[in-house]
Amino acid sequence: QVQVVESGGGLVQPGGSLRLSCAASGNIFSIYVMGWYRQAPGKQRDLVAHITSGGISDYADSVKGRFTISGDSAKKMVSLQMNSLKPEDTAVYYCLFYQSGRNYWGQGTQVTVSS
């Protein structure tokens, strides 16, 4: 039916960069919002950034100025460029496609920022 696949996670040193990508396939259309969330051990899943079908983006204060979200709802793709990474960015990152009140989540990809 619907598959959401993420890629791009890994281990990076503080100050480094990573780019996460996510693509959906199957019976999903009219996507209103795409986004990225992250979850650190023992914590809840929090919003990192989202972008609407109209191209309006928003970011958590903790990543503003360092991360950039981009995407194409028609192509069912969303990316997250992460620069100036900090150890506190370490988490499992999940992409999201929102359509008519339903969430479609990626499988999660680990991002570890450590020296």
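Okay, let's start with a turn. β5 and β6 make a hairpin with four residues between them, and G55, sitting in that turn, has a positive phi of about 90°. Before I go on, remember that this is a predicted model.

Staying with that hairpin: β5 and β6, which covers residues 57–59, pair in the antiparallel sense over three bridges. If you want one pair to click on, take H50, whose bridge partner in β6 is D58.

Now go to the other neighbour. β5 is also joined to β4, with six bridges, and those two run antiparallel as well. Y37 has L47 in β5 as its bridge partner. This hairpin, β4 with β5, has six residues between the strands, and there G42 takes a positive phi near 75°.

While we're on these two strands, let's look at the pocket. Which strands each supply at least two residues of the lining of the largest pocket? They are β4, residues 33–39, and β5, residues 46–52. The lining includes R38 and Q39, then A40, K43, Q44, D46 and L47. A60, S62, E88 and A91 are in the lining too. By type, that's four nonpolar, three polar and four charged residues. The space in this largest pocket comes to about 150 Å³.

Next, the other sheet I wanted to show. It's an open sheet of four strands, ordered β1-β3-β8-β7, and the pairing is antiparallel. β1, residues 2–7, and β7 are at the edges with a single partner strand each, so one side of each has no neighbour in the sheet. Ignoring direction, neighbouring strands here are turned by 15° against each other on average.

For β7, the partner is β8, residues 77–82: six bridges, running antiparallel. S70 stands opposite S79 in β8.

Last stop, I69. This residue is in β7, which spans 67–72. Is I69 buried or exposed? Its relative accessibility is 5%, and since the cut-off for buried is under 20%, I69 counts as buried. So what does I69 touch, leaving out residues up to four places away in sequence? On the list are M34, G35 and W36, then A49, H50 and I51. S57 and Y59 are contacts of I69 as well, and so are V78, S79 and L80. H50 is the residue we met earlier, bridged to D58, and S79 is the one opposite S70.

One more distance for I69: G8 is 61 residues away along the chain, and the two C-alpha atoms are separated by 14 Å.

That's it from me, happy to rotate the model if anyone wants another look.

Key: Residues are numbered from 1 along each chain as its sequence is written. This is a predicted model: local features need pLDDT of at least 70, side-chain atom pairs count only at pLDDT 80 or more; totals for chains, interfaces and linings use all residues. Side-chain values use heavy atoms; hydrogens and water are left out. On a 1 Å grid over the protein atoms alone, a cavity is a set of points where a 1.4 Å probe fits but cannot get out, and a pocket is an open set with protein on both sides within 12 Å along at least five of seven lines; lining residues have an atom within 4 Å of a point. Grid points are joined across faces, edges and corners, and a volume is the space filled by probe spheres set on the points. Ala, Val, Leu, Ile, Met, Phe, Trp, Tyr, Cys and Pro count as nonpolar, Asp, Glu, Lys and Arg as charged, and the others, Gly among them, as polar. Buried means under 20% relative accessible area, exposed over 50%, partly exposed in between (1.4 Å probe, protein chains only). Contact means heavy atoms within 4.5 Å. Two strands pair if DSSP finds at least two bridges between them. Axes are lines fitted to C-alpha atoms, for helices over the stretch in contact, and angles run from 0 to 180 degrees between N-to-C directions.
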